[in-house]
Amino acid sequence: MRVDQRLIAEMIAPRARVLDVGSGDGTLIDYLYRTRSCDARGIEIDMQNVTQSVAHGLPVMHGDADHDLADYPDGTFDYVVLQRTLQAVERPREVLRQMLRIGRYAIVSFPNFGHWRLRLQLLTTGRMPMTSVWSTPWYTTPNIHPCTIRDFLVLCEEEGYVVQQWLAIDEDGARAPWRRSIRLANLFGEQAMFLLRRAEP
């Protein structure tokens with residue numbers, strides 16, 4: 001289990017109803033079920049991952065974040081999780097809207113395109129950066145909407161989402177000591193995690 005998945009699990013209350021969007025091999029779902037007694041389920045676009053999850057007894061359906069969230073009724077879940085997938089969906093704004101329609105909270109993690117190594121590579125080479133987080137060439141990458149931590153916060157403000165909690169971590173999952181400063185987190189954090197809710201009417 002990745003360290004970032006463990007940090008996501010820490011944001012989720014025990015016995016909560018959870019939908020993991022882009023659940024991969026189902027590791028987070030299994031962890032939430034075993035350690036936090038959650039009613040956790042997933043949707044995943046990769047059929048091989050779906051088959052693997054189901055073979056291990058996990059409730060995962062084949063689905064697409066861009067299209068299938070609209071099929072869930074309002075308020076079905078306590079938490080809807082999107083781990084390391086935001087940059088790969090076709091319509092990030094709409095996916096976030098759907099997540100906070102069907103869930104009370106949304107937990108979103110993504111690689112930060114504002115990290116200093118990426119900026120430096122782009123500046124010095126004039127080419128799309130390659131790091132352990134951004135590890136595929138531009139012509140094969142599924143990451144069609146890379147964003148920075150500051151970009152994401154602007155979107156949250158425009159949409160009226162309340163940031164309950166956020167943190168920046170490195171690729172190994174260590175929490176960044178600059179977690180109180182968005183500017184420093186945007187420069188030094190390799191990944192970001194946000195716990196969001198809708199503003200009260």
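What volume does the second largest pocket have? In this model, which is a predicted one, the second largest pocket has a volume of about 280 Å³. I shall begin with that pocket, turn to the largest one, and then discuss two helix pairs.

The lining of the second largest pocket consists of 17 residues. Nearest the centre of this pocket lie Gly-22, Glu-44, Ile-45, Gly-63 and Thr-85. Two elements, strand S2 (39-44) and helix H4 (65-68), each give two or more residues to the lining. Sorted by class, the lining of the second largest pocket comprises six nonpolar, five polar and six charged residues.

I now move to the largest pocket. Its volume is about 400 Å³, and 23 residues line it. Those nearest the centre of the largest pocket are Gln-83, Arg-84, Thr-85, Gln-87 and Asn-143. Thr-85 is thus named among the residues nearest the centre for the largest pocket and also for the second largest. As to chemical class, the largest pocket is lined by 14 polar, five nonpolar and four charged residues.

Let me turn to the helix packing, starting with H1 and H2. Helix H1 covers residues 3-10 and helix H2 residues 27-36; their axes come within 10 Å and cross at roughly 45°. H1 is therefore oblique to H2. The crossing of H1 with H2 is right-handed. On the H1 side, the contact is made by Gln-5, Arg-6, Ile-8, Ala-9 and Glu-10. H2 contributes Thr-27, Leu-28, Tyr-31, Leu-32 and Arg-36. By class, the residues of this contact divide into five nonpolar, two polar and three charged.

The other pair is H5 and H7. Helix H5 (residues 92-102) packs against helix H7 (residues 149-159) at an angle of about 55°, and their axes are 12 Å apart. Why are H5 and H7 described as oblique to each other? Angles under 35 degrees count as roughly parallel and those of 65 to 115 as roughly perpendicular; an angle of about 55° falls in neither range, so the two helices are oblique. H5 and H7 also make a right-handed crossing. From H5, Arg-93, Leu-96 and Arg-97 take part in the contact. They meet Phe-152, Leu-155, Glu-158 and Glu-159 of H7. The residues of the contact of H5 with H7 comprise four charged, three nonpolar and no polar.

Terms used. Residues numbered from 1 in each chain as written. Predicted model: local features only at pLDDT ≥ 70, side-chain atom pairs only at ≥ 80, totals over all residues. Heavy atoms only, no water. 1 Å grid on protein atoms, 1.4 Å probe; cavity = no way out; pocket = protein on both sides within 12 Å on 5 of 7 lines; lining within 4 Å. Points joined across faces, edges and corners; volume = space filled by probe spheres on them. Nonpolar A, V, L, I, M, F, W, Y, C, P; charged D, E, K, R; others polar. Helix = DSSP H or I, 4+ residues; strand = E, 2+ residues; numbered from the N terminus. Axes fitted to C-alpha atoms, helices over the stretch in contact; angles between N-to-C directions. Parallel < 35°, antiparallel > 145°, perpendicular 65-115°, else oblique. Left-handed = near helix turned anticlockwise from the far one by under 90°. Contact = heavy atoms within 4.5 Å.
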